[in-house]
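Biologist: I have a two-chain model open and would love a guided tour. Could we go through it together, one question at a time?

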Amino acid sequence: MAHVVQALDQPSNYKDSQARVDRSKQNELLSRSTTLYIGNLSFYTTEEQIYELFTKCASPEDGGGIKRIIMGLDRNTRTPCGFCFVEYYTHAEALASMRYVSGTKLDERIIRCDLDLGYKEGRQFGRGKSGGQVRDEHRQDYDPGRGGWGAQAQRLEIERRREVEERYADATEGPGAVAGGGEDWKETEVPGEVTHKRGRSPEDEGDNTRLGHRSRIDDIEAERM
Amino acid sequence: MSNERPHRGGYRKRYNREDHDHDRRREPVETPEQKIRTSIIKMGEVDPLQEIPRLAQQIREQVPVVVPAISEGFRIGVTEQPYKIPYYAALLRLLHDQVEGDTNGAPSSTSSSLGKQILEDFWKGFQAFLDKLAWREIRLCIQFFAHLMAAKVISVQSMVYLLQAFSTVLDEFGVSYSRGKRAALCAAEGLMIAGAPLKTVSASSVAGIINAIQMYNESIVTSKFLIQPMMSLCSDATSLDNADELLDTALILLKSLEASNFAESSPAFPRPYLEYPDPENTTSGPFELPSILVPPEVIELDGLATDAGEDAQIKKEDWPEYYLHLFDNTITPDPTTLPGFIVRSNLLDIIDIFEVNRKECARLLLEYPKWNIPGTFKPQPGAPAAEEGLGGKDWQLESTIIETILGSLFILPDPSAKSVYQISLITELCKLSPSTVGPAVGKSIRKLYNALSDGLDTEIARRFAEWFAVHMSNFGFQWVWKEWLPDLALTEQHPKRAFMRRALEFEMRLSYHDRILKTLPEPMQLDPTVISDQAPGPDFEYDEPTHPHHDAAQSVLNLLRGRSKADEVMSHLDSLRDTLEISDTHMNIDTLIRFIAVQSLLSIGSRSFSHLLNAIERYLPLLRGLANGGIVGAGSGSSEAKQDILSAAAAFWKRNRQMVNIVFDKLMQYQIVDPTDVVAWTFTNVAGDSHLSGMRPLSLSAFEWDLLKGALDKANGRVMISRRKVAALRKEEDDTIARAKASGGADVASMEVDADAKPDETPAVESPALVTALKAFTSLTREQKAALSRTLEGFVSCLAPSVSDMHQNPHAGKVITQDAWDGRANWNADEWNAWETWGWYRHYCRVYSPYLRNYATTLSTVAFAKIEGSTEPPAELMKKIWNITTGQES
């Protein structure tokens, strides 16, 4: 239904500089993406606040839900720097967020959602020179502390800042630094089935295809490098 | 990648170039056909009445006339901009006229008018909608045809046949409610728009159609008991003071229209074509709509059944639609009047169609008056007043819009879109016109709040709280809480008090405890039954150095903090078990160990959702071991262990119920516990000290409902995923077979024998992947059934307990009588709790009815065993609600 108006669930023109897939491949990936980039967050906004808002677009009865949230951190200080990724289990949920949540307020700031190619190791950190997001370095306007309400509450500000600053102090890099969030249901008791001999059990099918396309991107990237 | 700067520069250049590419693609040069199509779609943006003749002229001047492009413009216009339908009818009416010199440039149009050619092509589009059973499009096309009939472009008799084709659907044997309701609305709206001429030509057909709708509506009357927005447990009355049911209303209106020969005291909606002289139908006559048959519903069966042989495929059914009235009929339209019904129908269609873009939707809603007869809505302040004697209805636009959006938000059992859509739509409206929409929102909130005392459905109350919180989050949490101060005198479980608590809790989840606290007047700030006195943090039971198990817990915590391996932690727990066993506890030692382990783990994961996931993933073997009863207490069963894990988690997050939901969800996701465990936990913990809602006798609040819903949705969602997997694998297999067959000619040696032996190409052996997927499907449907069944049992023990049950709620039977309800002003907390529990039972039945129907026999045999022969009122009511749900009560 887009004859009369433009649908809001279209991805933006953003092109991830470090994902070396061409435009058509990117569009194809976005057309089934389950991940959103969320921008313009307050530096104080918590994952639980994000969870609360984005869970309103979840469809658990359809096998969906919030798989994980990856908070964007300043590369140097390990503190939130105003963006995150929300990963759902289904594409429809990501689209629903684009239509209903993008452009509304969270923690008193208007947030922006964009369909994303999917989280890859290292993307949780800002890529700007200062350690934060590149887009913030282009900003002309002064945005003090990027505070939602969190920054305004004078009395509690120091305490809150300390908490926020410490929250991700233990954030690590490298493989396994970010949790997966739980995969689809699998049979737990596999009493010595033949499947093991083949090194890959058929019930992993869904996950393998998921990993499969991820590794395909990696391949493409490797080729280009 | 190490060289940041040049790389970044390159990136930006590329970005810009691609940007331009994109822009170019977006603005292609329009062909003349596209141009005419666009002109038709955009018709009327400035002044429809003036534009129609101009556009008609423009269309005629096209050389050559491309009918498909024109009719596509009409098709899109009619089905995507329902407010323009009367104007499109007027445009087509003008095109229907034979024009002198028409033969000039269009040799093909000599025999029939351009209008007829367009209609012929338009009809193909209508037929396509019909084949797909695209009901909204079908209904909007019928509105269009009805206007065209009124404009004398379409013959009256063929319109009668068209409407009859839809009323015939209502006589089909076993017609589904979704189909029946939609077909009835098609016929009803057609009659409303074109009733007068229809009745003149064939009064009996009109009466016949109305009668068919009435008979149908009477046949489904019982289901209304479950979805009325005001819950009445003691009365079967289907009409409500402050709400109306869509089909009921359509019938009331049709009957009154019929009685008055469809005469209108003042014009109900625009009919611009009536301004034009009657068409000269002498040459070719009016257009005859071809006859149709509404095609049957096609249900694709995948043939997947549970291990007990039940059908596991769910068929979502519609329910009757009740719309709440918040405002007086002088402020917002009365839907039992013709203009009122049409306005609501239009607004609902706009809300539905423009779901893809809520911002445009908001704009179109606020512009809606311009498509109406002047005087329908009160003019905006500053605008010239409407001329006297035109419409004179003077409804308030914003109140009408908000009432309609909230009406669709509160449809039971589920709103048509995710409720956050309606919520965001209202936000957009407020942003566009704060000074006019804001007050309408405020008034609506007050009306709804007052309805809470009079039985507003529990699920609607929950959605109301959710809307309130999200809305306030978008507008600085500015609400005048002071005006509700007197209600602090009500018992703390009164629906109004429950609403305040819930709304504030939802607000806090989106913001901060201290932020929300500050929005409240002091008496509320200080009342822990309104808002907690401290931020909703974790509660590690063993944190206090004085706690007898502080040291033990600390030792576990240190291992986890130091990222010790899971088996090290497990062996430490084992040794702890031996040491602690000596010291006395009133708690079971296995339970204690599980509590310490789970709470320590949650403690290291308490900093954020991600920390929780990391902690769970790092210690999955530990959690699985605990859950199996394997690490500790090998003797005690695993279901007991799982209950302990859930109890430990709920206790850890007892001040933060959002986290209880999240932790339970992820414990299910990682398969530490099953949905049935969560259901069982919820029902066993809705009584006693650990009850998070502090509700003593067995009863459920919205929080427990959220836990149940989380578990049931998880179970149902898994079956859904599994079903899709099986379908995909089967398709893959079929494709492989098809390919093999196709290449069979070449591969003679291997294929020929097979092809002869098995002409129906069913493979003798399914692939291992498919076998596994089918096995998973069987396990998951079993789990699904168990979770649904456990829920039903739980409700039985809450609402119709046997004499021996623990924590009986003595009020479950009491609150369902009329006398009790009339005296609700004096109800105490337990009585309100019992009433709310009934509300959640009713909601459980209607919202999961597609699943419950499939498993009706098994579920009721098990769960209703205790109340089988009981004639006690609560048992009878439970069974009645169940029977309506499963379609056994007529």
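**The contact between the chains**

Biologist: How many residues does each chain bring to the contact?

Modeller: Contact here means heavy atoms within 4.5 Å. This is a predicted model, where local features need pLDDT of at least 70 and side-chain atom pairs count only at pLDDT 80 or more, while totals for chains, interfaces and linings use all residues; side-chain values use heavy atoms, with hydrogens and water left out. Residues are numbered from 1 along each chain as its sequence is written, with chains lettered from A and ligands numbered from 1 in the order in which they are written. The contact takes 79 residues from chain B and, from chain A, 77 residues.

Biologist: Which three residues of chain A supply the most area against chain B?

Modeller: Buried area is the accessible area (1.4 Å probe) that two parts lose on being put together, summed over both. Between chain A and chain B it is about 7100 Å², with 51% given by carbon and sulfur atoms. Of the area that chain A buries against chain B, 11% comes from three residues, more than from any other three: A:K56, A:Y100 and A:W185.

Biologist: Which residue of chain B forms a salt bridge with A:K56?

Modeller: A salt bridge is a side-chain nitrogen of Lys or Arg within 4 Å of a carboxyl oxygen of Asp or Glu. The count between chain A and chain B is six. For A:K56 the closest N and O atoms are 3.0 Å apart, and the partner is B:E466.

Biologist: Which element gives the most to the side of chain A that touches chain B?

Modeller: Helices (H or I, at least four residues) and strands (E, at least two) are DSSP runs, numbered from the N terminus. Elements giving two or more residues to that side include β2 (66–73), α3 (91–100) and α7 (205–224) of chain A. The most, six residues, come from α2(A).

**Inside chain B**

Biologist: Why does the end-to-end distance of helix α12 of chain B agree with its length?

Modeller: The expected span of a helix is 1.5 Å times one less than its number of residues. Helix α12 of chain B has 14 residues (246–259), so at 1.5 Å a residue its end C-alpha atoms should be, and are, apart by 20 Å.

Biologist: At the start of α12(B), which backbone nitrogen does a side-chain oxygen of B:E245 reach?

Modeller: Among the buried residues of this helix (under 20% relative accessible area, 1.4 Å probe, protein chains only) are B:L246, B:L247 and B:L257. The buried residues of α12(B) pack against elements including α9 (177–201) and α13 (338–353) of chain B. The side-chain oxygen of B:E245 comes within 2.9 Å of the backbone nitrogen of B:L247.

Biologist: Is B:R179 buried or exposed?

Modeller: B:R179 is found in helix α9 of chain B. Not counting residues up to four places away in sequence, B:R179 touches residues including B:W135, B:E172 and B:E297. With a relative accessible area of 2%, B:R179 is buried.

Biologist: Which residues of chain A does B:A776 touch?

Modeller: B:A776 has its place in helix α32 (residues 768–799) of chain B, and is buried, with a relative accessible area of 15%. B:R718 is 58 residues away from B:A776 in sequence, and 9.7 Å away in space, C-alpha to C-alpha. Not counting residues up to four places away in sequence, B:A776 touches B:S722 and, from chain A, A:W185 and A:E187.

Definitions and conventions
Buried < 20%, exposed > 50% of the residue type's maximum accessible area, 1.4 Å probe, protein only. Polar contact = N/O pair within 3.5 Å; in protein donor to acceptor, adjacent residues only side chain to side chain.
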